[in-house]
Amino acid sequence: MLASHRWLPLEANPDVMNQFLKQLGVCPSWQFGDVYGMDPELLDMVPKPVCAVLLLFPVTEKYETFKAEEEAQIRSEGQKVSSTVYFMKQTISNACGTVGLIHAVGNNMKKLEFEPESALKKFIDNSSAMSPEEKAEYLENDESIRLTHESSAQEGQTEAPNIDEKVDLHFIAFVNADGHLYELDGRKPFPVNHGKTNDDTLLEDAVKVCRKFMQRDPDELRFTVVALSKA
């Protein structure tokens, strides 16, 4: 893999994510914040409305087994995926944080506001009609997003790992598109439709799916959930 196709991992830190979006021309009318727990009273503390949820989780053997089974099941049974879903593949190592942020923004273009010369809006507008694979290639060649990712990856509270270090943590996004909850993971071949949702229940519905990730790996503690909320 080319060195340019391996990035420093992004930290699951709302301040880093908000700075990243600001640098790419997204107005701060929506902001990322921590979800401190799955209990109703902790979810009540998250500002509403929420338009996207990001989950950082460990890629373990149990998860990889489940992922393969889920893909086989969807391929055999089929699923409905709205044509409005913005979905891209991830071909750059450690770029899952950026891909997760692009998925969060790309599926909320009508809600979010942008600066006139926003590099992220330009990227999404130009790539929206592309296939998931073409979007991935387009990101490989986008210098403004790569440079913003690199500066953001070095902004975090924890020391950024060496660029060649293997990172087994992965970001995915959950969004509402046409009244359905979609899991968007650039390592999967397609979005996963998790059933009905709406703007009022998106956080709770996404958290239900996040819980399943945790239940599959009960010995793991490395889970982080952040929500993109109206500021």
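**Exercise 1. The second largest pocket**

How do the residues of the lining of the second largest pocket divide into nonpolar, polar and charged? Find where this lining comes from, too.

*Solution.* Keep in mind as you work that this is a predicted model.

Step 1. Start with the space itself: the second largest pocket has a volume of about 400 Å³.

Step 2. Look at the lining. It consists of 18 residues, and Thr84, Gly106, Asn107, Asn108 and Met109 are those nearest the pocket's centre.

Step 3. Sort the lining by type. You should arrive at 6 nonpolar, 7 polar and 5 charged residues.

Step 4. Trace the lining back to the elements of the chain. Helix 5 (119-127) supplies at least two of the lining residues, and strand 3 (169-177) also supplies at least two.

**Exercise 2. The chain as a whole**

Describe the build of the chain, then decide how compact the chain is for its length.

*Solution.* Step 1. Identify the elements: there are 8 helices and 6 strands. Read from the N terminus, their order is α-β-α-β-α-α-α-α-α-β-β-β-α-β.

Step 2. Compare the radius of gyration with the globule rule. The chain has a radius of gyration of 16 Å, and the rule gives 17 Å for 231 residues; these values are close, so the chain is as compact as a globular protein of that length.

Step 3. Picture the outer dimensions. Along the principal axes, the C-alpha atoms fill a box of roughly 40 × 35 × 35 Å.

Step 4. Turn to the inside. Of the 231 residues, 51% count as buried. Among contacts with a separation of 6 or more, 76% are between residues 24 or more positions apart.

**Exercise 3. Helix 4 and the nonpolar cores**

Which helix gives the most to the largest nonpolar core? Work out how well covered that helix is.

*Solution.* Step 1. Find the core. The largest nonpolar core has 44 residues, and Phe32, Leu54, Leu120 and Leu139 have the most contacts inside it. Helix 4 gives the most to this core, with 6 residues.

Step 2. Check the cover of helix 4, which spans residues 96-106: 11 of its 11 residues are buried. Among them are Cys96, Leu101, Ile102 and Val105.

Step 3. Zoom in on Phe32. Beyond residues up to four places away in sequence, Phe32 touches several residues, including Leu54, Leu101, Ala104 and Val226. Another core, of 22 residues, lies apart from the largest one and includes Ala206, Val207, Cys210 and Val225.

**Exercise 4. The cavity**

How many cavities of 30 Å³ or more does a search of the whole structure find? Describe the lining as well.

*Solution.* Step 1. Count: the search finds 1 cavity of 30 Å³ or more. The largest cavity holds about 30 Å³ of space.

Step 2. Name the residues that line the largest cavity: Lys67, Glu70, Glu71, Lys188, Pro189 and Phe190.

Step 3. Sort them. You get 2 nonpolar, no polar and 4 charged residues.

**Exercise 5. Ala177 and Asp178**

Is Ala177 buried or exposed? Ask the same of its neighbour: is Asp178 buried or exposed?

*Solution.* Step 1. Locate both residues. Ala177 is in strand 3, while Asp178 is in the loop between strand 3 and strand 4 (180-184).

Step 2. Apply the cut-offs: buried is under 20% relative accessible area and exposed is over 50%. Ala177, at 7%, counts as buried. Asp178, at 56%, counts as exposed.

Step 3. Add the surroundings. Leaving out neighbours within four places in sequence, Ala177 is in contact with Thr84, Val85 and Tyr182. Ala177 and Ser82 are 95 residues apart in sequence, yet their C-alpha atoms are 7.1 Å apart.

Step 4. Look at the backbone. Asp178 is not a glycine, but its phi is positive, near 50°.

**Exercise 6. Two more backbone features**

Where does Asn94 lie, and which residues does a cis peptide bond join?

*Solution.* Step 1. Asn94 lies in the loop between helix 3 (61-77) and helix 4. Its phi is positive, about 70°, although Asn94 is not a glycine. With 10% relative accessibility, Asn94 counts as buried.

Step 2. The cis peptide bond joins Lys48 and Pro49, with omega about -5°. Pro49 belongs to the loop between helix 2 (40-44) and strand 2 (50-58).

Notes
Residues are numbered from 1 along each chain as its sequence is written. This is a predicted model: local features need pLDDT of at least 70, side-chain atom pairs count only at pLDDT 80 or more; totals for chains, interfaces and linings use all residues. Side-chain values use heavy atoms; hydrogens and water are left out. Buried means under 20% relative accessible area, exposed over 50%, partly exposed in between (1.4 Å probe, protein chains only). Helices (H or I, at least four residues) and strands (E, at least two) are DSSP runs, numbered from the N terminus. On a 1 Å grid over the protein atoms alone, a cavity is a set of points where a 1.4 Å probe fits but cannot get out, and a pocket is an open set with protein on both sides within 12 Å along at least five of seven lines; lining residues have an atom within 4 Å of a point. Grid points are joined across faces, edges and corners, and a volume is the space filled by probe spheres set on the points. Ala, Val, Leu, Ile, Met, Phe, Trp, Tyr, Cys and Pro count as nonpolar, Asp, Glu, Lys and Arg as charged, and the others, Gly among them, as polar. A nonpolar core is a set of buried Ala, Val, Leu, Ile, Met, Phe, Trp, Tyr and Cys residues joined through side-chain atoms within 4.5 Å. Contact means heavy atoms within 4.5 Å. The radius of gyration is taken over C-alpha atoms; the globule rule is 2.2 Å times the number of residues to the power 0.38.
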